[in-house]
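User: I'm trying to get my head around one stretch of this protein and what it packs against. Could you take me through it slowly, starting from a single residue?

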Amino acid sequence: MIVCSCTRISDHDIELALLDILNQPEAPIPTPGVVYRHMQKRMQCCGCAPLAVDVIYARLEVLEKKGLICPYRSFSTRERLMRMQQQRRNQKANVPFTAEEEDYVLAE
Ligand code: FES
């Protein structure tokens, strides 16, 4: 399935990139920007960003089930991605951060 038509990135490309990224010693949170940069691509219209996040999230589970990434790393990465998405939604809706979200933002 094509995720990004501007840069021709498929869900399979994202899965392979995640595998590389998450097996690094100090793996960053695999946001779409991190994943695309890893593939030496750059978002153009950004229309694929929400789908890319969904694919990243789903592929983390697939890689974990295949035993290709550590279940703890998969869980913590999915949790952090979910928090980042929630923060963005709150920012768009102009909803103030909860105390827990503020702690998370400050820790990043
Ligand atoms: S569809 Fe991905 S950058 Fe345009």
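Is Q40 buried or exposed, and how many other C-beta atoms lie within 10 Å? From there, please follow the chain into helix 3 and tell me what touches it.

Analyst: First, some ground rules: what you're looking at is a predicted model, in which local features need pLDDT of at least 70, side-chain atom pairs count only at pLDDT 80 or more, and totals for chains, interfaces and linings use all residues. Residue numbers start from 1 along each chain as its sequence is written.

On to your residue. Q40 is exposed, because it has 7 other C-beta atoms within 10 Å. (The cut-offs: 20 or more is buried, 12 or fewer is exposed, in between is partly exposed, with C-beta atoms placed from the backbone.) Q40 sits in the loop that links helix 2 to helix 3. Its backbone is worth a glance too: phi is near 55°, a positive value in a residue that isn't glycine.

R8 has a similar story to tell. This residue, also not a glycine, has a positive phi of about 55°. You'll find R8 in the loop between strand 1 and strand 2 (9–10). R8 counts as exposed because it has 10 C-beta neighbours inside 10 Å.

To place helix 3, here's the overall layout. The protein chain has five helices and two strands, which are DSSP runs numbered from the N terminus (H or I, at least four residues, for helices; E, at least two, for strands). Walking along the sequence, you meet β-β-α-α-α-α-α. Of the chain's 108 residues, 20% count as buried. Take the contacts (C-beta atoms within 7 Å) with a separation of 6 or more: 48% of them join residues 24 or more positions apart.

Now for helix 3 itself, residues 49–65, and its packing against helix 1, residues 11–22. The axes of this pair lie 10 Å apart, and the angle is about 60°. (Axes are lines fitted to C-alpha atoms, for helices over the stretch in contact, and angles run from 0 to 180 degrees between N-to-C directions.) Helix 1 brings D11, I14, E15, L18 and L19 to the contact, while helix 3 answers with V55, I56, R59, L60, V62 and L63.

L18 is a good residue to click on here. Leaving out residues up to four places away in sequence, L18 touches P30, V35, I56, R59, L60 and L63.

Next comes helix 4, residues 71–93, whose axis comes within 9 Å of that of helix 3, with a crossing of roughly 165°. Helix 3 supplies V53, I56, Y57, L60, E61, L63 and E64 to this contact. From helix 4 come P71, S74, T77, R78, L81 and Q85. Notice that I56, L60 and L63 turn up in the contact with helix 1 as well as in this one.

That brings us to the core. The largest nonpolar core (buried Ala, Val, Leu, Ile, Met, Phe, Trp, Tyr and Cys residues joined through C-beta atoms within 7 Å) has 16 residues. V3, I14, L18, V35, A52 and I56 have the most contacts inside it. The elements giving two or more residues to this core are strand 1 (2–4), helix 1, helix 2 (32–38) and helix 3. Helix 3 provides the largest share, five residues.

So, to pull your stretch together: Q40 is exposed in the loop before helix 3, and helix 3 packs with helix 1, crosses helix 4 and gives the core its largest share.

Terms used
Contact = placed C-beta atoms within 7 Å.
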